[in-house]
Amino acid sequence: MKLYLDFDGTLFNTDKFYQDYLTICLKNNIMKEEVENAKKKLFQNHLFNLDTLTNYLYKTYKLTNNFLLEINKLYQNNYLFPDVLNNLKILVQKYDLCLLTYGDTSFQKKKIESTKIENYFKKIIISETDKSKLNIDYEHSLFIDNNPKEIEKFFKKKAQVIRLRRKEDKYFKDDLSVDCLEYENLEEFVKNNFKIN
């Protein structure tokens with residue numbers, strides 16, 4: 001069976017990554033509000049790309065190259081949740097793993113490459129359109145995601161879906177309108193579904 005794993009908020013701590021980005025901006029005297037305003041301006045009709053935002057801030061606020069170097073270091077830190085690697089090693093023995101993520105292709109690629117997890121996946125799908133409208137056999141696949149809206153769309157496609165409801169995730173407090181199995185993290189899912197020797 002194919003298991004489609006979401007990336008942001010499921011495997012990758014996107015909220016911490018962005019918070020660390022804002023911290024670097026603040027060190028360079030750019031307030032969060034200014035960053036958010038730049039985001040609204042730049043990505044009203046486009047998918048979010050951190051490099052586009054960084055270049056805009058760099059030019060607008062006439063920052064030094066140190067700003068760019070600090071931002072690039074974010075991609076050298078590993079923002080995978082601590083339970084991910086050990087459990088991918090187990091899941092890859094039972095499933096054909098596919099990484100299914102929504103977002104700007106180059107930005108998603110950069111984040112994924114920074115985690116060095118590509119080898120666990122038979123396929124990596126970066127979609128710039130709705131994840132529930134792809135050429136996938138939804139009914140005979142399992143999906144693990146953190147985003148309630150995505151989960152509800154997968155349900156409409158008669159897919160089997162597991163929700164990862166991480167306490168650190170921005171969607172943690174959002175409830176689902178569908179009845180879905182939930183786990184706190186990947187480790188909990190693995191422990192409940194596999195006999196671990």
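# A tour from helix 1 to the open sheet

Begin by selecting helix 1 together with its surroundings: the elements that cover its buried residues include helix 2 (32-42), helix 3 (50-60), helix 4 (65-74) and helix 6 (105-115). The model is a predicted one, in which local features need pLDDT of at least 70 and side-chain atom pairs count only at pLDDT 80 or more, while totals for chains, interfaces and linings use all residues. Residues are numbered from 1 along each chain as its sequence is written, and side-chain values use heavy atoms, with hydrogens and water left out. Helices (H or I, at least four residues) and strands (E, at least two) are DSSP runs, numbered from the N terminus.

## Stop 1: helix 1

Select residues 14-27. Helix 1 has 14 residues and extends 20 Å from its first C-alpha to its last, close to the 20 Å expected at 1.5 Å a residue; the expected span is 1.5 Å times one less than the number of residues.

Now colour F17, Y18, Y21, L22, I24 and C25, the buried residues of helix 1. Why do they lie on the same side of helix 1? They cover an arc of only 155° around the axis, which puts them there. The arc is that of the directions from the helix axis to the C-beta atoms. Buried means under 20% relative accessible area, exposed over 50%, and partly exposed in between (1.4 Å probe, protein chains only). An α-helix has 3.6 residues a turn, so residues three or four places apart point the same way.

Move to N29, just after helix 1, in the loop between helix 1 and helix 2. Its phi is near 65°, a positive value in a residue other than glycine. N29 counts as exposed because its relative accessibility is 61%.

## Stop 2: T10

Go back to T10, in the loop between strand 1 (2-5) and helix 1. Is T10 buried or exposed? At 0% relative accessibility, it counts as buried.

Show the side chains of T10 and D6, which are joined by a polar contact of 2.7 Å. The T10 side chain also makes a polar contact of 3.2 Å with the side chain of N146. A polar contact is a pair of N or O atoms within 3.5 Å; within protein, one must be able to donate a hydrogen and the other to accept it, and residues adjacent in sequence count only if both atoms are side-chain atoms. Leaving aside neighbours within four places in sequence, T10 is in contact with F81, V84, I144, D145, N146, L164 and R166, where contact means heavy atoms within 4.5 Å.

## Stop 3: the sheet

Display the strands. They include an open sheet of 6 strands in the order 3-2-1-4-5-6, with parallel pairing. Strand 3 (123-127) and strand 6 (181-183) stand at the edges with a single partner strand each, so one side of each has no neighbour in the sheet. The twist averages 25° from one strand to the next. Two strands pair if DSSP finds at least two bridges between them.

Select strand 1 with strand 2 (residues 96-102): the two pair in the parallel sense over 4 bridges. Within this pair, L5 stands opposite L99 in strand 2. Helix 6 packs on the sheet, touching strand 2 and strand 3, and its direction makes about 140° with that of strand 3. Axes are lines fitted to C-alpha atoms, for helices over the stretch in contact, and angles run from 0 to 180 degrees between N-to-C directions.

Next, select strand 4 and strand 5, which also pair in the parallel sense, over 4 bridges. The bridge partner of F143 is V161 in strand 5. Strand 5 is mostly covered, with 4 of its 5 residues buried.

## Stop 4: S114 in helix 6

Pick S114, which lies in helix 6. S114 counts as buried, at 12% relative accessibility. A polar atom of its side chain lies 2.6 Å from the backbone oxygen of K111. Not counting residues up to four places away in sequence, S114 touches F12 and Y75.

## Stop 5: helix 7

Finally, select residues 148-156. Helix 7 lies across strand 2, strand 4 (141-145) and strand 5 (160-164), running at about 170° to strand 5. Which residues of helix 7 are buried? They are P148, E150, I151 and F154. These cover an arc of only 160° around the axis, which puts them on the same side of helix 7. Their cover includes strand 2, strand 4 and strand 5. Turn the view to the face away from the buried side, which carries the exposed residues K149 and K156.

At the start of helix 7, a side-chain oxygen of N147 reaches to within 2.9 Å of the backbone nitrogen of K149. At the other end, K158 comes just after helix 7, in the loop leading to strand 5. K158 has a positive phi of about 60° although it is not a glycine, and it is exposed, with a relative accessible area of 59%.
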